[in-house]
Amino acid sequence: MDVNAAVAAAAAIAGVCTGVIAVLAFRWSEREQARPTRTSLHSEAVLPPGVDTVLSVLRSSAVVLDESDAVVKASSAAYALGLVRGGQLAVEPMLLMARDTRRDGEIRQIELDLPRRGSSRGDALAVSARVAPLGSRLVLLLVEDLTEARRIEAVRRDFVANVSHELKTPVGALSLLSEAVSDAAEDPEAVTRFAGRMQIEATRLTSLVQELIDLSRVQNDDPLEDSEPISVAGLVDEAVDRCRQTAGSKQITLAAGGVADLHVWGNRGQLAAALGNLVENAVNYSPPRTRVGIAGRRIAAPGGDLIEIAVTDQGIGISSVDRERIFERFYRVDPARSRATGGTGLGLAIVKHVAASHGGEVTVWSAEGQGSTFTLRLPEAGSAREKAEAHRRGRNRLSGALQDPADFEDEDGEETFTSDRHLSAPEVLP
């Protein structure tokens, strides 16, 4: 009897323990199921209707944060700028601003200089960040890249300063010469001499203003809007005719060859001005009784054949230091000689912009005392036309749609986006 009672008591105790354990296990299971995970937070933090579509067409980089500062959605441009890493906002000042906005609901804005991702140089990205609440749980961060705008503003300030300086010289000279003519009213020879100088300065001023207009037109106009196949031989003939009188006065021989059956695609006026500037410089900086050669050829390139037009002179040459700066606006190797030849320092800047806008480049080889060779490389008409049409089709593409952070991570949670991949806003992602 005692043994049976003991067994029964033990069985009762075991049953009670099992029941208690079962109840605890059930309660723990319910608690785990109710606990919000990072995945459930992301799935519950849904953007309000229509917001995803609106943000996808903005040029700004967009990042949406939830109440735990995790990234719910982000545009491809945000990853390209290095704003989002590992599913988190990587810029501390922006993160602090987002927390303040989540707390009081006020819209905030800040401008920052961020280190350029994947670059060992000391340059930085200038950005403007704006944070605003998005619904009751989310915060929206919009970041605008101001780097190019600041660069253009700096170039504009330098350009205005240089233009003011260059215009001041001939205007001041005309003022002084007019006073000299007035004082020498009774000396016909002096009046004639001063009047000749005034004509020279007036011509120089007219040339400077015209080249400023040409440079402004080259920078603002899109050559792809008014493009056509252009014969290189025709461009060479225009350049030679433009400089024939000056070359004849200095007994300089102009020789052209290898340009037959070569065609480029672009704006005829801009390309004629660019090649004309190269030939004119070669004539102006060459000593009398020398030769200026213009040669063309077709060269193979990975993206399509290129047309190469080389202008060679036997002039004074350019030092290695000056070669690095000759394409800058208003830069002149020898200012005194430029005044004698009527140069403004804008001709090569125009050539550089024309070449770049047509998908080409201009290079220079030179040695002091041995002359110079300026080479203008432009895409051949066929391949250039195809690229122009592709560029025109892609200009109105929308900015990248917002993506989940998981789309940019592999199985180990590492970002698959790298700075080597070129993503620019706006861009469409699949």
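This note goes through one helix, the nonpolar cores and a second helix of a predicted model.

1. Helix α9 covers residues 268-284, a run of 17 residues, and from its first C-alpha to its last it reaches 24 Å, which is close to the 24 Å expected at 1.5 Å a residue. At the N-terminal end of α9 the cap is Asn267, with a side-chain oxygen 3.1 Å from the backbone nitrogen of Gly269.

2. Because 12 of the 17 residues of α9 are buried, this helix is largely enclosed by the rest of the structure. Among the buried residues are Leu271, Leu275, Leu278, Val279 and Val283, and polar residues such as Gln270, Asn277 and Asn284 are buried in α9 as well.

3. The largest nonpolar core has 42 residues, and Val232, Val264 and Val311 are those with the most contacts inside it. Two or more residues of this core come from each of α7 (188-220), α8 (232-249), α9, β11 (291-299), β12 (306-312), α12 and β14 (371-379), and α9 gives the most, with 8 residues.

4. Leaving aside residues up to four places away in sequence, Val264 touches Leu271 and Ile307, as well as a group that includes Glu228, Pro229, Ile230, Val232 and Leu235, and another that includes Leu378, Pro379, Glu380 and Ala381. Another core, of 24 residues, lies apart from the largest one, and Leu81, Ala98, Leu125 and Ala129 are among its members.

5. In helix α12, which spans residues 347-357, the buried residues are Gly347, Leu348, Ala349, Ile350, Val351, Val354 and Ala355. After α12 comes Gly359, which has a positive phi, near 80 degrees.

Key: Residues numbered from 1 in each chain as written. Predicted model: local features only at pLDDT ≥ 70, side-chain atom pairs only at ≥ 80, totals over all residues. Heavy atoms only, no water. Helix = DSSP H or I, 4+ residues; strand = E, 2+ residues; numbered from the N terminus. Expected span 1.5 Å × (residues − 1). Buried < 20%, exposed > 50% of the residue type's maximum accessible area, 1.4 Å probe, protein only. Polar contact = N/O pair within 3.5 Å; in protein donor to acceptor, adjacent residues only side chain to side chain. Core = buried A, V, L, I, M, F, W, Y, C linked by side-chain atoms within 4.5 Å. Contact = heavy atoms within 4.5 Å.
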